[in-house]
Amino acid sequence: MSKINFTESLLRVIISLIGLPFTGIQAALSKYFLHKYKAPGEMISAGTHLLHAIVTGNGTSNLPTILLESGMGGCALDWSLVQPALAKHTKVLSYDRAGFGWSTTPISEPTCEGYVRDLRELLTQLELEPPYILVGHSYGGMIMRLFASKYPEEVSGIILVDSTHEQRFIESTFNQIRYEERLRHLKRLRMGYLLSPIGLPRLLKQPIGAKRLPPPVQQKVSALGYRNNAYKAAYLESLCTIESALQLIESEPLDSELPIIVLSAGRQNEDWQQSQKKLLQLTAKTRQIIATDSWHSIQLYQPQAVIDSVLNLLREHYRNQTDKQASI
């Protein structure tokens, strides 16, 4: 597995010591904003760390619980324009992966498989029982697909919100543009990891996380996105994307009858749109909906498109359950 190497870890410590006054200021500001912006959800133990979870709505015996998984570097508040509407119909969970948002230290194995284990533990601690409808944005879509592969009997349907296809992280498929794009991305995250202890990314206004949330929510996301843990978690997550992609490739195929909606952003480039078409092969019941005027974060640009897609699967589940009961 790709990890932060010893040289990088040592360099980060040296930078922290050289810039000791700034290191103290960064630590104090991070602590201040954690105090100022209280976690809106619960802090749940997942063994070596705590996960922040927001559970809303009331579950019923007829409808699944909705699990919301954010994209790379995201947090539970990414779904703040979606979760309240869905909670009117059933129980909904959003959460911060380890290291992001209010959750504490990153996990040692920040791959799709590691995150699925974390999510399973969270569901157990919260006593949220299946069935589930899984909603994953971008990289979060990969996590949700692996969850469904490992626990097919627990999943009623999946919404892939402009989800990443695993081949995006397989280097043998890279063209020159994609290769250079990945290098720039990793370089930016590496610098954030190395320099976050002295607060330089804070000074440059480069937090980890979403950028287009309503101002009161954005203030919280940005404040938490300046924490040292957030930069470390984001760098680790990106370093491990190749292994995450291989985990998906090697996983069991999804149930052919599993309903999946591929909700794609219409303003993405041609390469991305072609990767969305590859997702249509996941099951016999996979269909695509295009949010024509949306960029990548559909839950922020066109939240109603996400809400409508989830409600479609909720209605399908309810009809199927009703038909089964009628046939008994």
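Me: Before we look at the cavity, which residues count as nonpolar, which as charged and which as polar?
Reply: Ala, Val, Leu, Ile, Met, Phe, Trp, Tyr, Cys and Pro count as nonpolar. Asp, Glu, Lys and Arg go down as charged. The others, Gly among them, count as polar.

Me: Okay, so how does the lining of the largest cavity split by class?
Reply: Keep in mind that this is a predicted model. The largest cavity has a volume of about 80 Å³, and the residues closest to its centre are Gly 73, Gly 101, Ile 208, Val 221 and Gly 225, out of 13 that line it. By class, the lining has one charged, five polar and seven nonpolar residues.

Me: Which helix gives the largest share of that cavity's lining?
Reply: The largest share is three residues. They come from the stretch 215-225, which is helix 8.

Me: What about the second largest pocket: which element supplies the largest share of its lining?
Reply: That pocket holds about 360 Å³ of space. Its lining has 16 residues, and Val 155, Ser 156, Pro 259, His 317 and Asn 320 are the closest to its centre. Strand 6 (155-161) and helix 13 (303-327) each bring at least two lining residues. The largest share, six residues, is from helix 13.

Me: How many charged residues are in the lining of the second largest pocket?
Reply: Sort the lining by class and you get four polar and six nonpolar residues. The charged count is six.

Me: On to the strands: which residue of strand 2 is the bridge partner of Met 43?
Reply: Strand 1 (residues 42-45) pairs with strand 2 (residues 50-56) in the antiparallel sense, over four bridges. The two form a hairpin with four residues between them, and Gly 47 in the turn has a positive phi of about 90 degrees. Across in strand 2, Met 43's bridge partner is His 52.

Me: And which residue of strand 4 is the bridge partner of Val 55?
Reply: Strand 2 is also joined to strand 4 (residues 92-95), antiparallel again, by four bridges. In strand 4, the partner of Val 55 is Leu 93.

Me: Last one: why is Cys 112 not bonded to Cys 240, and how far apart are their sulfurs?
Reply: A disulfide needs two cysteine sulfur atoms within 2.5 Å, and a search of the whole structure turns up zero disulfides. Cys 112 is buried at 0% relative accessibility, and Cys 240 is buried at 0% too. Cys 240 has the closest cysteine sulfur to that of Cys 112, but it's too far for a bond because the distance is 10 Å.

Notes. Residues numbered from 1 in each chain as written. Predicted model: local features only at pLDDT ≥ 70, side-chain atom pairs only at ≥ 80, totals over all residues. Heavy atoms only, no water. Pairing = 2+ DSSP bridges. 1 Å grid on protein atoms, 1.4 Å probe; cavity = no way out; pocket = protein on both sides within 12 Å on 5 of 7 lines; lining within 4 Å. Points joined across faces, edges and corners; volume = space filled by probe spheres on them. Buried < 20%, exposed > 50% of the residue type's maximum accessible area, 1.4 Å probe, protein only.
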